[in-house]
Amino acid sequence: MSALRPLGRAAGAAVAGRWSASRRVAGPVSSPGTAAVSTATAAGTSTGAPMGTPVGVLAASPAASTAAPVATGTATLRLNASATIPAVAVGALTSKPYAFTSRPWELKETPAVDVMDGVGSNITVYTRGSEVMRILPRLNEEVNEEWISDKARFSYDGLKRQRLNSPMVRLPDGSLEAVSWDKARSVLRNKLLALDREATSTGTSYEAHAVVGPTADTEAMAELRRQFLRWFPAGQLHVAGATTALNTDFRHEYVMNSGLAGLESADAVLLVGVNPRKEAPLLNVRLRKSVTHGRMKVALIGCAVDLTYPVDHLGHSAVTLREVAEGTHQWCKTLAAARRPAVIVGNTLLARADGAALAAMAQDVARHCGAINPAGGWDGWNVLHSGANTVGALDLSMDAAVKGTPSDWSATKVLFLLAADGLEGLDTLPDDCLVVYQGHHGDAGAAAADVVLPGAAYTEKAGTYVNTEGRVQTGKAALFPPGAARTDVDVLRGLLGTHVPLSALGGAGSAAESPTGASFLAPHLAVDGSVQAGDRLWGADPPPVPGAGAVRYATRMPFAPPVDNWYMSEPISRASTVMAKCTRVATANNFEQK
């Protein structure tokens, strides 16, 4: 099977001529909030109905994403994956999981940030005692407006199930035994000292890897980076699910440069290997709003999916992407005629073995159609991350040693997992490898660990997260972790009995401000709510990086679906009974099965 090459600089100059004939000059970017939106909407889905049109009563199932169109008086509403309860202005719907469980005046409100996808929706966590009773959206026009996804709203019951509430150590018979924190630290130190003695006596070295999951907060990532590199100077840091194809030295390479709200002002959008309805439902709502009002045309290269609005499906593989990059595809005319074109590429697609070639082709499309226009105030190159804090991990250079996670762990002797579940290739770990898992749920990572350290979920700690557009957001702790569990930063700072005072590190006030803290490594993380725009020093051309002139090839393999089961894609939702019911709706259309 033959392979495809992305365009080079010489070929790109020839292709640019085919684009420039019909390209329009980008004008000033209009405000995304200037368009009028009908009041008869469901999760941002415009019906086109006049003011005052009766909305009626919709189905109260949280799995509204699979429901058929619902007739509502004179209008018809089609519910997508982001359909939420506040869609009905008269308050006719109630939350079934929350109904008759508590009174509003019994609840304590705490602002937080959702970690179920890369949008980073602003939420309010309502708690009573040590239990989360409900989660509602918090208004933020720049991020989630007034909506949240079904998974963000209804998966909180997973916070009560399969929780890790005590340190555990694996016994010789293969079982895990609950121990105290002192015992867990002692076992960990002894195992590391045994590895050092063996390496010293044999004159050999061993590999040490640390993998951070997409839901870990930036403070915990910075502390892990400091502790891990202190004990293993040659250790390798990885980000679970992060792309291996982009140059993470430049921020504009791996963020959504148009911004979530800014994408509403685009008039032509090319989706490459993404399914925004599942990966980022609130982004899909914004795209649907613009398409419905006739301001935007959308095309897709990848799996044919129902995004609830008209989409031109161009193809399934890199063959079509190559045609668009060369300017020979029919849809190139639409891109070239657009004032504010945009390209959205999926992070999961770029994680393929040929991700570098696919990224080069997609960037060729963005450059030739005028999507990257710094002089005109528009940057239409966008990478959609499904992880809540993948961008924050890349900002902290957590992938500086080795890009991505290795597929072969056979030479690894130490593996530390921070909220990282579902890694591939762990079956290749040697029997004498020490696996340490720090997280809040007994998921796949804890099942493979020799030492389990209970951490705190996102509702139980104050932390900073960076969403897919690069926006820094801070959430607060709504309650305490269960049992003997502690916040991730506290666990890491006292893990090996080597707590270092901030005065010794030169810090002024907190761990984040120390010379190895998050705000020191990435100063923009200290400004809550800010978005640091990427500086395109070379304009629309890619920066000169090592290996830029290397020949890369893309296979003709069709693009795979980015998400198999959106309702159960991470540990919290996998422990949720409501999300299990929603999965049954999506697969067997049976919500009430016992």
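## Sheets, cores and ring pairs in a predicted model

Modeller: This is a predicted model, and a good place to begin is an open sheet in which 5 strands follow the order β14-β13-β12-β15-β18, with parallel pairing.

Biologist: Which are the edge strands there?

Modeller: The edges are formed by β14 (312–315) and β18 (381–384), each of which pairs on one side only. Averaged over the sheet and with direction ignored, neighbouring strands are turned by 20° against each other.

Biologist: And how many bridges join β12 to β13?

Modeller: Strand β12 (residues 268–272) and strand β13 (residues 297–301) run parallel and are joined by 5 bridges; within that pairing, L271 has L300 of β13 standing opposite.

Biologist: Switching to packing, which residues touch the most other members of the largest nonpolar core?

Modeller: Those are L270 and W381, in a core that counts 78 residues. As for secondary structure, helix α10 (residues 355–368) contributes the most to this core, namely 7 residues.

Biologist: What does L270 touch, leaving out residues up to four places away in sequence?

Modeller: With those sequence neighbours left out, L270 is in contact with A299, I301, L314, V324, L335, A342, V343, I344 and V365. There is also a second core, separate from that one, which has 24 residues and includes V291, M296, Y309 and L384.

Biologist: Now β21, please: which way do its residues point?

Modeller: In strand β21 (residues 451–454), V451 and L453 point one way while V452 and P454 point the other way, and all of them are buried.

Biologist: What does β21 pair with, and in which sense, parallel or antiparallel?

Modeller: Strand β8 (residues 168–170) pairs with β21 in the antiparallel sense over 2 bridges, whereas strand β20 (residues 434–439) runs parallel to β21 and is joined to it by 4 bridges. V451 takes part in both pairings, since it stands opposite V169 and is also the bridge partner of V436.

Biologist: On to the rings, how many aromatic pairs are there?

Modeller: The count comes to 2 aromatic pairs, taking ring centres within 6.5 Å as the criterion. In one of them, the rings of F228 and F232 have centres 5.1 Å apart and planes at 45°, so this pair is tilted; both residues are buried.

Biologist: Why is the W566 and Y567 pair edge-to-face?

Modeller: Its ring planes stand at 70°, with the centres 5.0 Å apart, so the pair is classed as edge-to-face. W566 and Y567 are both buried.

Biologist: What sits over the ring of Y126?

Modeller: That is the charged end of R134, which lies 4.6 Å from the centre of the Y126 ring.

Biologist: Back to Y567 for a moment, how far apart are K581 and Y567?

Modeller: They are separated by 14 residues in sequence and by 9.3 Å in space, taken from C-alpha to C-alpha. K581 belongs to helix α17 (residues 577–588), and its relative accessibility is 26%, so it counts as partly exposed.

Biologist: Zooming out, how many helices and strands does the protein chain have?

Modeller: The protein chain has 17 helices and 23 strands, and of its 594 residues, 56% are buried. Among contacts between residues at least 6 apart in sequence, 69% join residues that are at least 24 apart.

Conventions:
Residues numbered from 1 in each chain as written. Predicted model: local features only at pLDDT ≥ 70, side-chain atom pairs only at ≥ 80, totals over all residues. Heavy atoms only, no water. Phe/Tyr/Trp six-rings, centres within 6.5 Å; stacked < 30°, edge-to-face > 60°. Buried < 20%, exposed > 50% of the residue type's maximum accessible area, 1.4 Å probe, protein only. Lys NZ or Arg CZ within 6 Å of the ring centre and 35° of its normal. Core = buried A, V, L, I, M, F, W, Y, C linked by side-chain atoms within 4.5 Å. Contact = heavy atoms within 4.5 Å. Pairing = 2+ DSSP bridges. Axes fitted to C-alpha atoms, helices over the stretch in contact; angles between N-to-C directions.
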